[in-house]
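Please open the model in your viewer and keep the sequence panel visible alongside it. The tour below proceeds by selection, with a short account of what is found at each stop.

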Amino acid sequence: DIPLADAPKSTANIMPDAQTVTSVQHWTDTLFSFRVTRPPSLRFRSGEFVMIGLPDERGKPILRAYSIASPNWDDELEFYSIKVPDGPLTSRLQHIKPGDQIILRPKPVGTLVLDALLPGKRLWFLATGTGIAPFASLLRDPETYERYEQVILMHTCRKVAELEYGRELVEGLKDDPLLTEIYGDSFADRLLYYPTATREEYPRRGRITDNLASGKVFADLGLPAMNPADDRAMVCGSMALNLDVTKVLEGFDLREGANSDPREFVVEKAFVGEGV
Ligand code: FAD
Ligand code: A2P
């Protein structure tokens, strides 16, 4: 074992893909978001993810997949993260401060991109927990609204406080200079927001699967039931959520597609769970 005292003291030496943290915001004791400098050469499609991380005591990188939560036109990169108490990366990452460096491998990939879907009328973003991150990117990308007449964000968490990042994001879109310049006052009608909590009192309750299957969300928002001619969807949550939402979407005759084979919906894991 290398004694700690001999470990590299400056991350700059050992981090060829270093980026500097510019801001950090803690939302709950398990959730935070942060922004970092963007490598000038990094091009990505809104919705994609990259590998980010920190060096361990010996300088070896601990890297994990993270959705880029900022849109592709942004000068900086934003991430929205869980804090796993004993997680190899997030037990450390949750302590970053502005001026610190993180590792960012500039190779964006992912299935939650607009090109992976056939054209349609409405685009549904279905997320639980940190699964909202790729949609935080797509919701701030004007191209999303160029391709679809309406965008619907369903975000479900156990607790109300866990919805706050998404709530503020959606609130901020109403004043987004880029979106209001293009769509003016009509922008408010283009984005429908349907947050639900499952384990605390909140105006809207229940799981995404139940609110879709029962038709409650369609009734509440005044929309027709999902159908393969008009509706497209992107799904991002735990493995169990993804499997269950897939069944519900298939029940509406939507078919899962991919970058190479665009269809009516696409799915990506928000994290890799234990034993999955
Ligand atoms: P790990 O050893 O990686 O995870 C420990 C356990 O914590 C896991 O087994 C799981 O049960 C749980 N867990 C991990 N991540 C989450 C999560 N996000 N929500 C709930 N439980 C979780 N994480 C983010 O916080 N934000 C993202 O934008 C994000 N994007 C991802 C995109 C992809 C394609 C994938 C595969 C994963 C993504 N993750 C994201 C998860 C991330 O890669 C790490 O798992 C997470 O940062 C925890 O790292 P860790 O080393 O602390 O713990
Ligand atoms: P619930 O509180 O009813 O379990 P988790 O923290 O377990 O990933 O859950 C995050 C949110 O997603 C919770 O609101 C949870 O609801 C919901 N959820 C978890 N698993 C599923 C699933 N298989 N289908 C639908 N919703 C789910």
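A residue is called buried when its relative accessible area is under 20%, exposed when that value is over 50%, and partly exposed in between. The model on display is a predicted one.

**First stop: a buried ion pair**

Select Asp 231 and Arg 122. Their side chains meet in a salt bridge, with 2.8 Å from N to O. The pair links distant parts of the chain, since Asp 231 belongs to strand S10 (residues 231–237) and Arg 122 to strand S7 (residues 122–128), 109 residues apart. Are these two partners buried or exposed? Asp 231 counts as buried because its relative accessible area is 0%. Arg 122, with a relative accessible area of 5%, is buried as well.

**Second stop: strand S7 and its neighbours**

Extend the selection to the whole of S7. Seven of the seven residues of S7 are buried, so the strand is largely enclosed by the rest of the structure. In a regular strand, side chains alternate between the two faces of the sheet. Rotate the view to compare the two directions: Arg 122, Trp 124, Leu 126 and Thr 128 point one way from S7, while Leu 123, Phe 125 and Ala 127 point the other way.

Now add strand S8 (residues 150–157), which runs parallel to S7 and is joined to it by seven bridges. Within this pairing, Phe 125 has Leu 153 of S8 as its bridge partner. Next add S10, which pairs with S7 in the parallel sense over six bridges. Here Ala 127 stands opposite Cys 236.

**Third stop: ligand 2**

Select ligand 2 and display its surroundings. Which residues surround ligand 2? Among them are Thr 128, Thr 156, Cys 157, Arg 158, Arg 199, Ala 240 and Asp 244. Three polar contacts merit individual inspection. A polar side-chain atom of Arg 199 lies 2.6 Å from an oxygen atom of the ligand. A polar backbone atom of Cys 157 is 3.4 Å from an oxygen atom of ligand 2. A polar backbone atom of Ala 240 is 3.4 Å from a nitrogen atom of ligand 2. Taken alone, ligand 2 exposes 540 Å², of which the protein buries 80%.

**Fourth stop: further salt bridges**

How many salt bridges does the model contain? The count comes to 20. Select Arg 167 and Glu 164, whose side chains form one of them at 3.0 Å from N to O. Both residues lie in helix H5 (residues 164–173), three residues apart, or about one turn of the helix. Arg 167 is partly exposed, with a relative accessible area of 34%, and Glu 164 is partly exposed at 24%.

Move on to Arg 263 and Asp 261, whose side chains meet in a salt bridge of 3.1 Å, N to O. Arg 263 counts as partly exposed because its relative accessibility is 27%; Asp 261, at 34%, is also partly exposed. Then select Arg 35, Asp 74, Glu 76, Glu 78 and Arg 140, which are joined into one network by salt bridges that share partners.

**Final stop: a nonpolar surface patch**

Select Trp 73, Leu 178 and Ile 182. These residues form a nonpolar patch on the surface, with about 260 Å² of accessible area together. Trp 73 is found in the loop between strand S4 (61–67) and strand S5 (76–82). With 39% relative accessibility, Trp 73 counts as partly exposed.

Definitions and conventions
Residues are numbered from 1 along each chain as its sequence is written. Chains are lettered from A and ligands numbered from 1 in the order in which they are written. This is a predicted model: local features need pLDDT of at least 70, side-chain atom pairs count only at pLDDT 80 or more; totals for chains, interfaces and linings use all residues. Side-chain values use heavy atoms; hydrogens and water are left out. Patches are made of residues with over 30% relative accessible area and no salt bridge: like charges are joined within 9 Å, nonpolar side chains (Val, Leu, Ile, Met, Phe, Trp, Tyr) within 5 Å. Accessible areas come from the Shrake-Rupley method with a 1.4 Å probe; for residues, only the protein chains shown count as cover. A salt bridge is a side-chain nitrogen of Lys or Arg within 4 Å of a carboxyl oxygen of Asp or Glu. Helices (H or I, at least four residues) and strands (E, at least two) are DSSP runs, numbered from the N terminus. Buried means under 20% relative accessible area, exposed over 50%, partly exposed in between (1.4 Å probe, protein chains only). A residue is near a molecule or strand if one of its heavy atoms lies within 4 Å of it. A polar contact is a pair of N or O atoms within 3.5 Å; within protein, one must be able to donate a hydrogen and the other to accept it, and residues adjacent in sequence count only if both atoms are side-chain atoms. Two strands pair if DSSP finds at least two bridges between them.
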